[in-house]
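Student: Could you take me through one strand of this model, with its neighbours, and then a helix further along the chain?

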Amino acid sequence: MSHASRTAPRICPLCEATCGLTLTIEGTTVTGARGDRDDIFSRGFICPKGASFGGLDADPDRLRVPLVRGEDGELREASWDEAFDRIAARIPALVEAHGPQAVGVVLGNPNVHTMAGSLYPPLLLAALRTRNVFTASTLDQMPKHVSSGLLFGDANAIPVPDLDRTDHLLLIGANPLESNGSLCTAPDFPGRLRALRRRGGTLTVIDPRRTRTARLADRHVAIRPGADALLLAAMAHVLLEEKLADPGVLAEHLEGADELAVALADFTPDAVAAACDVDAATITALARELAAAPTAAVYGRIGSCTVEHGTLASWLVDVLNILTGNLDRPGGALFPLSATARAPREATPGKAFAPGKGFALGRWASRVSGHPEAKGELPTAALAEEIETPGEGRIRALVVLAANPVLSAPDGDRLDAALAGHLDFMVSVDPYLNETSRHADVVLPPPPPSQSAHFDFAFNSFAVHNQVRYTPAPVPLEDGRMDESEIHARLILAVSGMHGAPPSAVDDLAITTAITKAGAPKELADELTGGSGPERRLDLMLRLGPYGLTLEQLLAHPHGIDLGPLKPRVPEILRTRSGRVELLPAPIAADLPRLRRALGDRPAPLVLVGRRHLRSNNSWMHNVVSLSGGSNVCTLQVHPDDAARLGLVDGATVRIESAGGGIEAPAEITDTVRSGVVSLPHGWGHSRPGTRMAVAAAHPGANVNQLLDGTLLDPLSGTAVLNAIPVTVTPSP
């Protein structure tokens, strides 16, 4: 084989920005990555994660063949057939003996970064028929799904800020200069914010830390952590009380405006000021500035989601966009339309769109603590108790797809023990033997990203500009590897009693089902192109989608197709039972008294918040040499005043304790965090035995989630409260 250097385009799968890369490849090895200047969306932008593509791709600790647990209890290398034979022998038998709820499924963040991880899990869940589904959403963005479901009738109808056209952007709990954006797919988010400033726009950042994003802002408001919903409610109160609310053309599609004013009457700036630690004049000014801007958008993210009132904060973000007339208009917050979305409905001439089915919460509940489901999921924080608590319906088998909940969920020690001592069988699809997959009886490793095709099914639905891009695998599949789509397909066959059937049967069934559901002619299946099941399914989704594209068109445009700026989509987007935007849904109204009680809470002397690192993404990128060290370190940031009061020394180890336990980390004394607040990054704690991640183990850090006992959740979404956690900090003895 020739080892001459060549280049190939590849969409970066390492964060939500989905930047286009140009890979340099020698033989089958990726030797370099730079930004693709011809990419129609990212225009050559690249961050350190994208630049590290080759290092992650060639990580020697990535598993190459399946692992199967032997009779001696040790994991050993095995053939693919042996691995799937083991799964087919165990999981169907457990379901037969104990019912479908005996199997739990955990889906991690990396699933939405691959084609297979997006296409196949729904089919797996349908095959298993289990309601015990746990995902990274209840550790991250579920409050936004719930608030969107209640407002618009569709939990996936999430408006994004029109970054390139807005005059005023208010960010709360978001740090896109580090995260690259989240639920807002925007390559070169930093450049887009700087462009906002250059065209005379205003950037306001509400965050207890003076982040890189906050340093770029015109106004930085250092709010008390966890008070986001109170501040947003007070801003909405100002708009209503001062008659500044003007929904514009959206007014005819609103329901509950009068009731909203009554519900927020108690949340005056004076009433919330002490709880937010933001003076009433500043709160009032924030609301007036938002109303006065020609166009504006409010955008909230993980800092405002993973708190005690996360769903209320997410709801109020869109309430402010609605009241200021900025929802569903250029320069405000709009609903993207991806190329694989269902085609828009068409209203009957002279008639309104038919109402939808709406969005329901709590259709079932978890077995042990009775947590209500949200969007078909149960809180990941409840996984351990569902495994270890005896009784009918106990989870006896677990299928874990690209997830590491021992680090990402609260109280990893408890979950670690549950996985070790209470499961009959466990399967992990994971490239690494990490803190969670080390407990599996079978580990199925997907190939490195260079050997996989890529299309962003999820993130195109949150893109700030409508576009579509597809990149085939730039490197052929290595001998002995199995394509990730085939791994998922064979897993589905193994658990559903169809073990031994060709993997293509899974894709054929999915295609037939989709054609039937769309009411399309069955002959369409014969017209599909593509060399694999995922490509044929992508081709079908493109053909049935709103732009009527084909896979061949995407292949002819390797740097993407521009589908134009975001456009207004109300009322077509609405799926509520009323057919209108429901401003004050009943579950929200029922939760407001809890927020009202927070007005009188006495704040804890010291609370903990997380933080993002540009060179990291949760726990799954800590084994890349080029991304370790530098700013990507696990330190506890402490304000100088708090350090002096507590007797802490910069660089010295400190002890952090909370309800779930205690951990230790080096202190980093800095005034970038406000007094009364300490900050520790998420995704660390690589110190457990039995893993095979040498770089991560050499720099293990501390697992911040071990400070949590998992009992504190946002009640509407089941999301774990990961921020604004009361802690004590002392010098380590």
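Tutor: Let's start with strand E10, residues 202-206, keeping in mind that this is a predicted model. E10 is mostly covered, with 4 of its 5 residues counting as buried. It has strand partners to look at too. Strand E9, residues 168-172, runs parallel to E10, and 5 bridges join the two. If you want a spot to zoom in on, take Thr-204 of E10, the bridge partner of Leu-170. Thr-204 also has a bridge partner in E11, namely Arg-219. That pairing belongs to the contact between E10 and strand E11 (residues 219-221), which is again parallel and covers 3 bridges.

Now for the helix. H10 spans residues 228-241, so to speak a run of 14 residues, and reaches 20 Å from its first C-alpha to its last, close to the 20 Å expected at 1.5 Å a residue. As for its surroundings, 12 of those 14 residues are buried, so H10 is largely enclosed by the rest of the structure. Among the buried ones are Asp-228, His-237 and Met-235, along with leucines such as Leu-230, Leu-231, Leu-232 and Leu-239. Ala-229, Ala-233, Ala-234, Ala-236 and Val-238 are buried as well. Just after H10, have a look at the backbone of Lys-243, where phi is positive, at about 55°.

Methods:
Residues numbered from 1 in each chain as written. Predicted model: local features only at pLDDT ≥ 70, side-chain atom pairs only at ≥ 80, totals over all residues. Heavy atoms only, no water. Expected span 1.5 Å × (residues − 1). Buried < 20%, exposed > 50% of the residue type's maximum accessible area, 1.4 Å probe, protein only. Pairing = 2+ DSSP bridges.
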